[in-house]
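Let's take a friendly walk through this fold. Have the viewer open as you read.

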Amino acid sequence: MLVRGKVVGERGVARFEAVKDGKGVAVRAEFPEGEPLEYSVECPCLEPLELVGLLLPAFEERLGKIEGVFVEEVVEEGTQSLLGKLKRMFSRG
């Protein structure tokens, strides 16, 4: 599963992609300034948005007070080529 969205804070917007596969969940977020945030856990029991929620304190450090989390796209399993590309992207880091 792939979830794309954004976290809106008082000092900017961070776009994120969260990918879940059989092994776990990975999140990558792009901030207006600074290094991207990349985090993954080997726990298939977590859902992508649960991991984003757990990382909200890290978003708040960079964006200030969080005003909202918005999901823009959800791609369910069955799009293996897209998920394969994202897995490769996350593993390059």
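## Starting from V8

In this predicted model, V8 touches V13, K65, I66, E67, G68 and F70, leaving out residues up to four places away in sequence. One of these contacts, G68, is 60 residues from V8 in sequence, yet the two C-alpha atoms are 5.3 Å apart in space.

V8 itself has its place in strand β1. Is V8 buried or exposed? Its relative accessible area is 17%, and the cut-off for buried is under 20%, so V8 counts as buried.

## The sheet

Now zoom out to the strands. Five of them form an open sheet, ordered β4-β3-β2-β1-β5, with antiparallel pairing. Why do β4 (37–41) and β5 (66–75) each have a side without a neighbour in the sheet? Both stand at the edges with a single partner strand, so one side of each stays unpaired. From one strand to the next, the twist averages 15°.

At the β4 edge, five bridges join β3 and β4 in the antiparallel sense. If you would like a pair to click on, R28 has E38 in β4 as its bridge partner.

## The nonpolar core

In soluble globular proteins, nonpolar side chains tend to be buried together. Here, the largest nonpolar core has 17 residues, and F31 and F59 touch the most other members. At least two core residues come from each of β1 (2–9), β2 (12–20), β3 (25–30), α1 (48–54) and α2 (56–63).

F59 is a good residue to select next. Setting aside neighbours within four places in sequence, F59 is in contact with V7, A14, A29, F31, L37, V52, G64 and I66.

Terms used:
Residues are numbered from 1 along each chain as its sequence is written. This is a predicted model: local features need pLDDT of at least 70, side-chain atom pairs count only at pLDDT 80 or more; totals for chains, interfaces and linings use all residues. Side-chain values use heavy atoms; hydrogens and water are left out. A nonpolar core is a set of buried Ala, Val, Leu, Ile, Met, Phe, Trp, Tyr and Cys residues joined through side-chain atoms within 4.5 Å. Buried means under 20% relative accessible area, exposed over 50%, partly exposed in between (1.4 Å probe, protein chains only). Helices (H or I, at least four residues) and strands (E, at least two) are DSSP runs, numbered from the N terminus. Contact means heavy atoms within 4.5 Å. Two strands pair if DSSP finds at least two bridges between them. Axes are lines fitted to C-alpha atoms, for helices over the stretch in contact, and angles run from 0 to 180 degrees between N-to-C directions.
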